[in-house]
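Colleague: Mind walking me through this one? I'd like to start with how the helices pack.

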Amino acid sequence: MRFNLPSFLRRRGLPKVLLETSEPKIMHISDTPDNIYPFILNLIEKSRPEYIIHTGDLVDNIKLERRPELKDRYKKRVQELLDILENSNARVYIVPGNEDDPEILRKFSRRAKILKPGDIIEIEGIRLALAHEPRELKNNKPIDFALYGHNFKVIEKGLNGILNINFILPQSKRVIKVKYPDGTNFERGYKVMRGL
């Protein structure tokens, strides 16, 4: 199922502050099924983030960990997303998830920096701990935000990339949340979101 992206954004719109701010923007996404790639492209074109962080499972509808025979399909789809991210002119950071193949990501990445779960990076004066799963985050260093995905868990200082696309404005430390298109969780393989 593909989404009619311009009408989706017209119906829901983007927060005005996201479009009008002069602050640099950090865009955080996670667990992206391939049917929302056009949405991601459209969102990048409209919001023009300076930094993009993907916290794993780049082709979340292909469960590579459980279905290794889908590796060729995964390669094709991950190349498509990497092209979208790397052609955006943003600096791109990726933490591989449990459904990713880190060797394939390294092979096809031209500019993206592939990080390890638990790595801490500093962007525009804020410290970000990055992981795919919340349990991979290390609690031994001061951070401003912890970025992750994998499940619906919410942690202290955490921004879960499954629940929303998170835009961080580093100078004000403001977070702007943008909803994924309807049906994204179904494409991720979640039939029902429980407990939310």
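Modeller: Sure, and keep in mind that this is a predicted model. On the H3 side, the contact is made by Tyr37, Ile40, Leu41 and Ile44, and their counterparts in H4 are Arg77, Glu80, Leu81, Ile84 and Leu85.

Colleague: How many residues of the contact of H3 with H4 are nonpolar, and how many are charged?
Modeller: No polar residues turn up in that contact. The split is 7 nonpolar and 2 charged.

Colleague: Are H3 and H4 roughly parallel or roughly antiparallel?
Modeller: The axes of H3 (residues 37-47) and H4 (residues 71-86) come within 10 Å and cross at roughly 5°. Angles under 35 degrees count as roughly parallel. So the word for H3 and H4 is roughly parallel.

Colleague: On to the sheet of 4 strands: which are the edge strands?
Modeller: That sheet is open, with mixed pairing and the order E5-E6-E7-E8. An edge strand pairs on one side only, which here gives E5 (120-123) and E8 (158-160).

Colleague: What is the bridge partner of Ile121 in E6?
Modeller: E5 and E6 (residues 126-130) run antiparallel, joined by 4 bridges. Ile121 has as its partner Leu128.

Colleague: Which residue in the turn between E9 and E10 has a positive phi?
Modeller: E9 (residues 165-169) and E10 (residues 174-178) run antiparallel with 5 bridges, one pair being Asn166 and Lys177. The two strands form a hairpin with 4 residues between them. The phi of about 60° belongs to Lys173.

Colleague: Which residue lies over the face of Tyr180?
Modeller: The structure has 0 aromatic pairs. Over the Tyr180 face, at 4.5 Å from the ring centre, lies Arg188.

Definitions and conventions
Residues numbered from 1 in each chain as written. Predicted model: local features only at pLDDT ≥ 70, side-chain atom pairs only at ≥ 80, totals over all residues. Heavy atoms only, no water. Axes fitted to C-alpha atoms, helices over the stretch in contact; angles between N-to-C directions. Parallel < 35°, antiparallel > 145°, perpendicular 65-115°, else oblique. Contact = heavy atoms within 4.5 Å. Nonpolar A, V, L, I, M, F, W, Y, C, P; charged D, E, K, R; others polar. Phe/Tyr/Trp six-rings, centres within 6.5 Å; stacked < 30°, edge-to-face > 60°. Lys NZ or Arg CZ within 6 Å of the ring centre and 35° of its normal. Pairing = 2+ DSSP bridges.
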